[in-house]
Amino acid sequence: MEPAKTESSAALVPAPQAIEGGVSDEAAPAPASVDVMDLMDESTPLARELASENRRREKLRGRVLPRPPQTRIMTVSNQKGGVGKTTTTVNLAAALATAGQNVLVIDIDPQGNASTALGIDHRADVESIYDVLIDDLPLANVVAQCPDINNLICAPATIHLAGAEIELVSLVAREQRLSRAINVYAAEREKQGLERLDYIFIDCPPSLGLLTVNAFVAAREVLIPIQCEYYALEGLSQLLKNIEMIQKHLNAELVVSTILLTMYDGRTNLAAQVAAEVREHFPEQVLRAVVPRSVRVSEAPSYQQTVITYDRSSTGALSYLEAAAEIAQRA
Ligand SMILES: Nc1ncnc2c1ncn2[C@@H]1O[C@H](COP(=O)(O)OP(=O)(O)OP(=O)(O)O)[C@@H](O)[C@H]1O
Ligand SMILES: [Mg+2]
């Protein structure tokens, strides 16, 4: 099935592409010296929103993202389910990769949603991150190229991973297995003369078991997506306590570097209140970019795509592109 090509707001006012191109079909061409955006009618809320989106797009246009001095390993975690971990992982990864960065996504959620969104085969018979964690298979053997995005590779998760929480318990160095696999893989890439990875994103399951612990031990940074809903902050203290435990006993370098507000519904006061509260508690970590609730974001995975490739002109894609730029600047 072919995806429809209009984002909700863009569908109502079909101006963004025309404005990005310089002129709309109906309007007379603007004189070269006049900024087209100055001519926009901002007398209605919708037109104002559109004008604001266009200004945001303009800011991103042609922007070159700095490459980090060393590989940034970020684990995307929140034990609360359905808050946008996977969506954030794949879309940030896609945004950075399409900006020329070398990105690896490691899917350690047995649901395999990140693998699906990136179009990576993760049927039960495929060699996957399960084999890396349990059978010491080199990460290089399971990493697959994302079909739509050049610089993006992914280590898929298969259903076998569902049993890994229990199987890991009896293994040697059970908390360090992912970390070791990543180190070996990085050294192997270097030996082969491959370019250094700029980012590794680890998509965690919604639990604080051994799979998530492996991600915390392997990473330097934690990225927490927070859904702008009433229960958002419940459970966050438990997550932060766990991270403190990891810092104390297993990985002293781990920091909660980034918080991203997701599924923001601008029509409700509640979303604004939750966002304000999170910003008050974590002024340094919360990104300025906020991901709105967007139909395009939620339908992209059903086409085995990220919203960045599915509809780059949508508001959801714009927010993830902004978030990626902010993360890159913070390096
Ligand atoms: N900005 C958004 N707008 C609309 N829908 C969204 C948005 N972000 C995520 N979703 C949808 O919300 C659902 C949950 O998102 P996602 O799978 O990313 O969460 P998760 O935290 O990874 O979930 P889990 O805990 O099960 O791994 C998905 O159906 C996804 O498509
Ligand atoms: Mg997920």
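Let's start at the ligand: the largest share of the shell around ligand 1 comes from helix α4, which supplies three residues. Keep in mind as you look around that this is a predicted model. Helix α4 isn't working alone, though: α4, strand β8 (286-292) and helix α13 (295-299) each give at least two residues to that shell. In total, 17 residues surround ligand 1, and the closest are K85, T86, T87, P292 and S294. What kinds of residues make up this shell, nonpolar, polar or charged? There are six nonpolar, eight polar and three charged residues in the shell around ligand 1.

Now zoom in on some individual atoms. The side chain of T86 has a polar atom 2.8 Å from an oxygen atom of ligand 1. The backbone joins in too: a polar backbone atom of G82 is 3.0 Å from a ligand 1 oxygen, and G84 also has a polar backbone atom 3.0 Å from an oxygen of ligand 1. How much of ligand 1 does the protein cover? On its own, ligand 1 has 620 Å² of accessible area, and the protein covers 80% of that.

From here, move to S77, which sits in the loop between strand β1 (72-76) and α4. Is S77 buried or exposed? S77 is buried, because its relative accessibility is 1% and the cut-off for buried is under 20%. Its side chain makes a polar contact, at 3.1 Å, with the side chain of T75. If you skip the neighbours within four places in sequence, S77 still touches a whole list of residues: K85, C204, T212, F216, V222, L223, I224, P225 and L239. You've already met one of these, K85, among the residues closest to ligand 1.

Next, go to the loop between α4 (85-98) and strand β2 (103-107), where you'll find A99. Why does A99 count as partly exposed? Its relative accessible area is 37%, and partly exposed means between 20% and 50%. Now look for R63: A99 and R63 are 36 residues apart in sequence, but their C-alpha atoms are 8.8 Å apart in space.

A couple of backbone oddities deserve a stop. Take A173, in the loop between α8 (164-169) and α9 (177-191). Although A173 is not a glycine, its phi is positive, at about 50 degrees. M263 has a positive phi of about 50 degrees as well, and M263 isn't a glycine either. This time the setting is a strand, since M263 belongs to β7 (residues 255-264).

Let's look at one helix from end to end. Helix α15 (residues 315-330) has 16 residues, and from its first C-alpha to its last it reaches 23 Å. That is close to the 22 Å expected at 1.5 Å a residue. Where does α15 sit relative to the rest of the structure? It is largely enclosed by the rest, because 14 of its 16 residues are buried.

Finally, step back and take in the protein chain as a whole. How many helices and strands does it have? You can count 15 helices and eight strands. Of the 331 residues in the chain, 50% are buried. Look at the contacts with a separation of 6 or more, and 78% of them involve residues 24 or more positions apart. As for the outside, the accessible surface of the chain is about 15,800 Å², and carbon and sulfur atoms account for 52% of it.

Technical notes
Residues numbered from 1 in each chain as written. Chains lettered and ligands numbered in written order. Predicted model: local features only at pLDDT ≥ 70, side-chain atom pairs only at ≥ 80, totals over all residues. Heavy atoms only, no water. Helix = DSSP H or I, 4+ residues; strand = E, 2+ residues; numbered from the N terminus. Buried < 20%, exposed > 50% of the residue type's maximum accessible area, 1.4 Å probe, protein only. Near = heavy atom within 4 Å. Polar contact = N/O pair within 3.5 Å; in protein donor to acceptor, adjacent residues only side chain to side chain. Areas by Shrake-Rupley, 256 points an atom, 1.4 Å probe, with all protein chains shown as cover. Nonpolar A, V, L, I, M, F, W, Y, C, P; charged D, E, K, R; others polar. Expected span 1.5 Å × (residues − 1). Contact = heavy atoms within 4.5 Å.
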